[in-house]
Amino acid sequence: MIESLLVANRGEIARRIIRTARRLGIRAIAVHSEADAGLPFVSEADEAVCVGPANPAQSYRNVEAILAAAKSTGAQAVHPGYGFLSENAEFARTVEASGLIWVGPGADAISAMGDKINARNLMAAAGVPVAPGTTEPAADLAAAVAAAGEIGYPVMVKAAAGGGGMGMGVANDEAALHIEYDKVRSFAERMFGDGSVLIERYFPRVRHVEVQILGLADGRVVALGERECSVQRRNQKLVEESPSPAVSPELRERFLAAAVRAGEAVNYRNAGTVECLLDPTTGEFFFLEMNTRLQVEHPVTELVYGVDLVEEQLRVAAGLAPTFDPDALAPRGHAIELRVNAEDPKRFLPGPGVIKTWVEPTGEGVRVDSGYVEGNTVTPFYDSLMAKLIVSGADRAEAIERAKAAVAAFELAGPKNNLPFFAELLENDEFLSGDYDTAIVTRMR
């Protein structure tokens, strides 16, 4: 097993990785910005190195500073978490070229899946269902209009290099397409350094369902069930649950088989997620993208399948067999994750500030993966996620009841937070029925 691990991330995911590393007897090394010096992940690591000021470009995305920290601390491996450099193929190559172990998929797989058009084409060739759309970037507005004419309105205009729900727009007609094409291309150039745009069919009513895959050290790819991720605001997830209440055993079998084919198509190793759109009317599903990293919502899979995905990542990176029997994977019970963000619960606008009260709920089936404690400051420099409240039960009904109690017991004051939204959601008839889609938050607001 790896003996020392540098965690190239911050907040709750850094703390989460450090927890598993220390349980396994691995020396855990944190890197942090000047703004994060007082956060729990820094003090809980065996060693910590400041890699720059608050600006992520000068700290958490500063490749030279992170590699220098790895060298000075004698780290053997690097875990990128999610966000920041986690899906940067060049960073993965640089880590390995420096003689370090990269805890993630190979750089070639990251590159292949990083471009959405290339990923769509690869998946189609592998027999994974893809939604009607362009097979190459729409070079200009005229090409976008022609593609939309073939696909049929409404269409989704999407940044080919985007991710995290960013760089997307919907056009219901040609006039709207003129506006959305320019908007998405400009945003993509600014945010991703790549203005390539693709056009896809847009589904007015759709569910967002993803499959957790793990590429093992022996070359096999296995699937650890699906997660429902349809509670979203601005195309970004707020709630995830596993199993999905929309997926029947027969549909699950097709979902998991397609996800395994997706991983095999790029010789995938380590943890990844195959994201899909599910048409709840027809039961058709289509490949959306593959996230070549550990997902924010991985805890619901851990609770339902009884695995520690970070440990499995480390074992794959070290060339070791998994702790579980790949031929005997089966879900047990139900789990729900609520992303507790520092944001207004009505309009979901960021609301950073000093945490004056922070008391986490406890009890059977309750888990909290948090990045902060009382007295910490949630700064405006990073994502607004403060904690993940994860609950599990024998079935969905029990998990929901435990979620209600946990939300009510979570004492949080200082920054604005979305706990009131979750209290509302957990009483919402549409959510309770399990028959909801990605527009549920819009209907609630």
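A salt bridge is a side-chain nitrogen of Lys or Arg within 4 Å of a carboxyl oxygen of Asp or Glu. Keep that in mind as you explore this predicted model, which holds 41 salt bridges. One of them joins Glu87 and Arg293, whose closest N and O atoms are 2.9 Å apart. Below you will also meet two nonpolar cores and a helix.

**Salt bridges between distant parts of the chain**

- Glu87 sits in the loop between strand S4 (77-79) and H4, while Arg293 sits in the loop between strand S13 (285-291) and helix H10 (298-305), so their salt bridge ties together parts that are 206 residues apart in sequence.
- Within this pair, Glu87 is partly exposed, with a relative accessible area of 33%, whereas Arg293 is buried, at 14%.
- Glu210 and Lys237 also form a salt bridge, at 2.8 Å from N to O.
- That pair links strand S9 (residues 207-215), home of Glu210, to strand S11 (residues 236-242), home of Lys237, across 27 residues of sequence.
- Are Glu210 and Lys237 buried or exposed? Both of them are buried.
- Glu424 and Arg445 make another salt bridge, at 3.0 Å from N to O.
- Here Glu424 belongs to helix H13 (residues 419-425) and Arg445 to the segment after helix H15 (440-444), with their positions 21 residues apart in sequence.
- Glu424 is partly exposed, with a relative accessible area of 32%, and Arg445 is partly exposed too, at 36%.
- Salt bridges with shared partners also build one network from Arg16, Arg19, Arg23, Glu302, Asp308, Glu311, Arg367 and Asp369.

**The nonpolar cores**

- In soluble globular proteins, nonpolar side chains tend to be buried together.
- The largest nonpolar core in this model has 74 residues, and Leu5, Val231, Val340, Phe421 and Phe422 have the most contacts inside it.
- Strand S19 (residues 385-393) gives the most to this core, with six residues.
- Looking beyond its neighbours within four places in sequence, Val340 is in contact with several residues, among them Leu385, Met386, Leu389, Phe410, Leu412 and Phe422.
- A second, separate core has 27 residues, including Met113, Ala223, Val266 and Phe287.

**Helix H3 and its surroundings**

- Which residues of helix H3 (residues 63-73) are buried? They are Ala65, Ile66, Leu67, Ala69, Ala70 and Thr73.
- These buried residues pack against strand S1 (4-7), strand S2 (27-33), strand S3 (47-52) and helix H4 (89-97).
- After H3 comes Gly74, which has a positive phi, near 70°.

Methods:
Residues are numbered from 1 along each chain as its sequence is written. This is a predicted model: local features need pLDDT of at least 70, side-chain atom pairs count only at pLDDT 80 or more; totals for chains, interfaces and linings use all residues. Side-chain values use heavy atoms; hydrogens and water are left out. Buried means under 20% relative accessible area, exposed over 50%, partly exposed in between (1.4 Å probe, protein chains only). Helices (H or I, at least four residues) and strands (E, at least two) are DSSP runs, numbered from the N terminus. Contact means heavy atoms within 4.5 Å. A nonpolar core is a set of buried Ala, Val, Leu, Ile, Met, Phe, Trp, Tyr and Cys residues joined through side-chain atoms within 4.5 Å.
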